[in-house]
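Please look through the structure shown here with attention to its aromatic side chains and to the way its helices pack. The report that follows takes these topics in turn.

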Amino acid sequence: MPSAMARIPAAKRRRISPPESESDASASPPPENYKSNFISSASKWDLEQDYEQRPRKIKKQKENVRLPVRTTEGWVEHKAAPEEAKVEDDSDSFLGSEGEEQAISEDEAVEEEPKVPVRQQILEAKEEMARIAGLVNEDPEEHISSLKTLAQIADSKNATVRKLALATQVSIFKDLIPGYRIRPLSEENMTDKVSKEVRKLRAFEQKLVSSYQAYVQDLAKLAKSTGTEEAASVATVAISCACNLLIAVPHFNFRGDLLKIIVGKLSAKRVNGDFIKCRETLETLFRDDEDGNASLDAVTMLTKMMKSKNYHFDESVLDTFLHLRLLSEFSQKASYDSVDKPEVQRYHGKKIKEKREFRSKKLRKVLKERKAVEKEMKEADAVVGHEERDKIQADTLKMVFVAYFRILKARSKKLMGAVLEGLARYAHLINQNFFGDILEVLRDIITIAELSAQADDGDSEEEEEDEDDDEAPERNVTRESLLCVITAFALLQGQDAAKAANTLKLDLSFFITHLYRTLHPVSLNPDIEFGAKSLHLPDPHAQHTITNKVNVQTTIVLLIRSLSSVLLPPAALRAVPPIRIAAFCKQLMSISLQLPEKSCIAMLGLLNRVAKAHGRKVTGLWNTEERRGDGVFDALKTEIEGSNPFAGTIWEGEILRRHYCPTVREAVLGIEKKVMEAR
């Protein structure tokens, strides 16, 4: 009997709710000896017995269903993972834990998910995208909702699948987007009674616009993603998709969002493949834009970006302005704040009466209705008239001049060459009000360049020389001054000489005198045959080479261009004074002695043209019997009039006749021959 009683498990002790009297008493403050009572009662608890009666968790081994694998060490069997038995626990037990149960359930859920290889995922995604693209191309209105499925595929965690989905969406949208802009429907239009076909077409257009908007927003997010290599590759694909859409459908909705992606990439200082792709996209857009709306939006965004970046960006962005169609199509002149109106021809005297054709009342009514129909057809075809296009191009031109003039005022070192080259190209579109402001800025640039050159010559400390050498690649004052001279004369050639002489007091003697003073220092420059960016041979291992042809001309080319503008102006060739021609000819023959071979050939070629055009004015320099001046020629004089050029003789030709290069010897003989023929 005692043994049977020992086998029976002890009854589980449970907590009994206290009576109401005890609960009421608990609200009162505890007695003073509550700690001693608690300890005496705790000694009677049988916790060990209760823990012993609880069922244990048994770890069960999973059945091993995998085949053994053969390795270099022999056959190896897979070990089955232990499986814990699920045992129901009492909610009252203090040993149970909800966190452990959740962790077990999560592990089981992860194990249940099938693991598909990456290659298989890519193949399945390709097949699915090809199927969706085929359905959409067959019947776009019926399967327009499939674009959402493509968007879901583009959210895949696999980078390759995302890139394929983005490229697929581009090709589908390029086929689906119509040749017009879809406007959003208002509430009134939604409630209008329309035919079934119109309702179906409206639903298709609205779904297309919403899907396209979501896609463009996704491109904007992905284009900004950086960090890992996968994110960078996806960003490259997103930027390429945005560029393709902007070129293919610049008329469609959300053009501004695409331009933000491209302009944002151009604002970076680092030039890489994405930067070059965006720059080439803008150049293509400017060349192919017929109505000018897209060009105006792009130029406006670029101008705002330049100002926000405080003009710290790559100069190739400014060169995109040289691809605008208004350079060859626009005929009016403008500045940064106004555009000249076209002049109306005024007739003096009696006007000849035009022969009016007799039209009946019925015929006039028919013609009026026909004009109204033609006007509606033009609006439906979205054809931009000449007046509207001229207005858009005028606004674009003003924004270009705003960007140029702001950079000139900011004195940005890296952008000065590109701005001066751009102003020279836009010289025929600059009005007289803007002409004076630009000339004043150009004078200031040349004055600062002269002062900095004098300061560099006066400094003798080695530290300052090292600092100047470090800053040399960033800013070349000689190139800037030569570009200023070229720009000033290009602006003058772009103006109407007769009107400019009456309205403006044009005096470019400052630029001519500066050019005369810089002849000797420029000829002694050892890098005269190297450009601003090509002081060394290009790196054969470089990923990207410089393709822009603006501000890459060598110093000798800039010098010859500026000398041609001074000595051989196309508008007033005979108005050049003889003393200016004689002084420049004498100095150019002197500097040809120390120029390199190619530069010497180019300089003598310029002198050949000068001798052909002004041979009679400079005959006295080659023939001592026809000398007209008295005194001595001063080659170091800073002013042309004070150098007394006719008192000198060109003796440098005798030395150049013995030059080692046969081309130089032939050029010298050609100059003397033309001078003798002009006598």
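Phenylalanine 321 has a relative accessible area of 0% in this predicted model, and because buried means under 20% relative accessible area, phenylalanine 321 counts as buried. Tyrosine 404 is likewise buried, at 0% relative accessibility. Phenylalanine 321 sits in the loop between H14 and helix H15 (326–329), whereas tyrosine 404 belongs to helix H17 (residues 386–410), and the pair that they form links distant parts of the chain, 83 residues apart.

The structure holds nine aromatic pairs, and two of these are set out in the table below.

| Aromatic pair | Distance between ring centres | Angle between planes | Arrangement |
|---|---|---|---|
| Tyrosine 212 and phenylalanine 254 | 6.2 Å | 40 degrees | tilted |
| Phenylalanine 321 and tyrosine 404 | 6.1 Å | 70 degrees | edge-to-face |

The tilted pair ties together parts that are 42 residues apart in sequence, because tyrosine 212 lies in helix H10 (residues 196–223) and phenylalanine 254 in the loop between helix H11 (229–248) and helix H12 (255–266). Tyrosine 212 is buried, with a relative accessible area of 0%, and phenylalanine 254 is also buried, with a value of 18%.

Both residues of the tilted pair belong to one aromatic cluster, which is formed by Phe173, Tyr212, Tyr215, Phe252 and Phe254. Within this cluster, phenylalanine 173 is found in helix H8 (residues 159–176) and, at 1% relative accessibility, counts as buried. When its neighbours within four places in sequence are left aside, phenylalanine 173 is in contact with Leu147, Leu208, Ser211, Tyr212 and Tyr215. Phenylalanine 173 and tyrosine 215 are 42 residues apart along the chain, and their C-alpha atoms are separated by 9.8 Å.

A further topic is the packing of two helices. The axes of helix H13 (residues 273–288) and helix H14 (residues 293–308) come within 9 Å and cross at roughly 140 degrees, and the two helices are therefore oblique to each other. The crossing in which H13 passes H14 is left-handed. On the H13 side of the contact are Leu282, Leu285 and Phe286, and these meet Ala294, Ser295, Ala298, Val299 and Leu302 of H14. Sorted by character, the residues of this contact between H13 and H14 comprise seven nonpolar and one polar, with no charged residue among them.

Notes. Residues are numbered from 1 along each chain as its sequence is written. This is a predicted model: local features need pLDDT of at least 70, side-chain atom pairs count only at pLDDT 80 or more; totals for chains, interfaces and linings use all residues. Side-chain values use heavy atoms; hydrogens and water are left out. Axes are lines fitted to C-alpha atoms, for helices over the stretch in contact, and angles run from 0 to 180 degrees between N-to-C directions. Helices (H or I, at least four residues) and strands (E, at least two) are DSSP runs, numbered from the N terminus. Angles under 35 degrees count as roughly parallel, over 145 as roughly antiparallel, 65 to 115 as roughly perpendicular and the rest as oblique. A crossing is left-handed if the near helix is turned anticlockwise from the far one by less than a right angle, and right-handed if clockwise. Contact means heavy atoms within 4.5 Å. Ala, Val, Leu, Ile, Met, Phe, Trp, Tyr, Cys and Pro count as nonpolar, Asp, Glu, Lys and Arg as charged, and the others, Gly among them, as polar. Buried means under 20% relative accessible area, exposed over 50%, partly exposed in between (1.4 Å probe, protein chains only). Rings of Phe, Tyr and Trp (its six-membered ring) pair if their centres lie within 6.5 Å; planes under 30 degrees apart count as stacked, over 60 as edge-to-face and the rest as tilted.
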